[in-house]
Amino acid sequence: MNPTQEKSFLISTATPNPENPEEAKLYSTGAMELIKRSGGTVVGRHPIVKTILGDSTPGVVLVAEFPNDQTILALFESDEYKALIPHRELGFKNVTLYVAH
């Protein structure tokens, strides 16, 4: 990761757990609030409709823009985010997070 990078992007792919939609909603709502409070801007959040290449199809993709890598990492290391992890574990079958430039 480049600490002098002008912009960084958080990319998240997730597969909701259909047995726990309320938990997924709690996690998503909390995570979106943390993104905003951390200086991030959601560029887009979209349902995945088709996989062209690959073995899995997540349910949704989110892209958020941040000032730098450190801002993203600090968000996920925060106590506020750690409090959301139980909701994430119950509400989603899979969540993958990436930092991109």
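Which residue in β3 is the bridge partner of Thr41? Let's work up to that and several other exercises together.

**Before you start**

This is a predicted model, where local features need pLDDT of at least 70 and side-chain atom pairs count only at pLDDT 80 or more, while totals for chains, interfaces and linings use all residues. Residues are numbered from 1 along each chain as its sequence is written, and side-chain values use heavy atoms, with hydrogens and water left out.

**Exercise 1. Find the bridge partner of Thr41 in β3, then lay out the sheet.**

Step 1. Pick out the strands. Helices (H or I, at least four residues) and strands (E, at least two) are DSSP runs, numbered from the N terminus.

Step 2. Look across from Thr41: the bridge partner in β3 is Glu65. Arg45 is bridged to Leu62 of β3. β2 and β3 run antiparallel and are joined by six bridges; two strands pair if DSSP finds at least two bridges between them.

Step 3. Move to the next pairing. β1 and β3 are also antiparallel, with seven bridges, and here Ala14 stands opposite Val60 in β3.

Step 4. Put the strands in order. The open sheet has four strands in the order β2-β3-β1-β4, with antiparallel pairing. β2 (41-47) and β4 are the edge strands, each pairing on one side only. On average, neighbouring strands are turned by 15° against each other, direction ignored.

Step 5. Add the helices. α1 packs on the sheet and touches β1, β2, β3 and β4, its direction making about 155° with that of β2. α3 lies across β1 and β4 and runs at about 130° to β4. These angles run from 0 to 180 degrees between N-to-C directions, and the axes are lines fitted to C-alpha atoms, for helices over the stretch in contact.

**Exercise 2. Decide why β3 counts as largely enclosed, and describe the nonpolar core.**

Step 1. Recall the cut-offs: buried is under 20% relative accessible area, exposed is over 50%, and partly exposed is in between (1.4 Å probe, protein chains only).

Step 2. Apply them to β3. Five of its seven residues are buried, so β3 is largely enclosed by the rest of the structure.

Step 3. Turn to the core. A nonpolar core is a set of buried Ala, Val, Leu, Ile, Met, Phe, Trp, Tyr and Cys residues joined through side-chain atoms within 4.5 Å. The largest one has 16 residues, and Leu10, Ile35 and Phe66 touch the most other members.

Step 4. See where the members come from. β1 (8-16), α1 (21-37), β3 (60-66), α2 (69-77) and α3 (79-91) each give two or more residues. The largest share, five residues, comes from α1.

Step 5. Zoom in on Leu10. Not counting residues up to four places away in sequence, Leu10 touches residues including Ile35, Leu62, Phe66, Phe76 and Tyr98. Contact here means heavy atoms within 4.5 Å.

**Exercise 3. Explore helix α2: which residues are buried, and what covers them?**

Step 1. The buried residues of α2 are Asp69, Thr71, Ile72 and Leu75.

Step 2. Their cover includes β1, α1, β3, α3 and β4 (92-100).

Step 3. Take Thr71 as a sample. Thr71 has a relative accessible area of 17% and is buried. Leaving aside neighbours within four places in sequence, Thr71 is in contact with Ser38 and Phe66.

Step 4. A helpful idea for reading any helix: an α-helix has 3.6 residues a turn, so residues three or four places apart point the same way.

**Exercise 4. Classify two of the aromatic pairs.**

Step 1. Learn the rule. Rings of Phe, Tyr and Trp (its six-membered ring) pair if their centres lie within 6.5 Å; planes under 30 degrees apart are stacked, over 60 edge-to-face, and the rest tilted. The whole structure has three aromatic pairs.

Step 2. Tyr27 and Phe92 have ring centres 5.6 Å apart and planes at 75°, so this pair is edge-to-face. Tyr27 is in helix α1 and Phe92 in strand β4, so the pair ties together parts that are 65 residues apart in sequence.

Step 3. Check burial: Tyr27 is buried at 7%, and Phe92 is buried at 9%.

Step 4. Phe76 and Tyr81 are also edge-to-face, at 4.7 Å centre to centre and 75° between the planes. Phe76 is partly exposed at 21%, whereas Tyr81 is buried at 3%.

Step 5. Join them up: ring pairs link Tyr27, Phe76, Tyr81 and Phe92 into a cluster.
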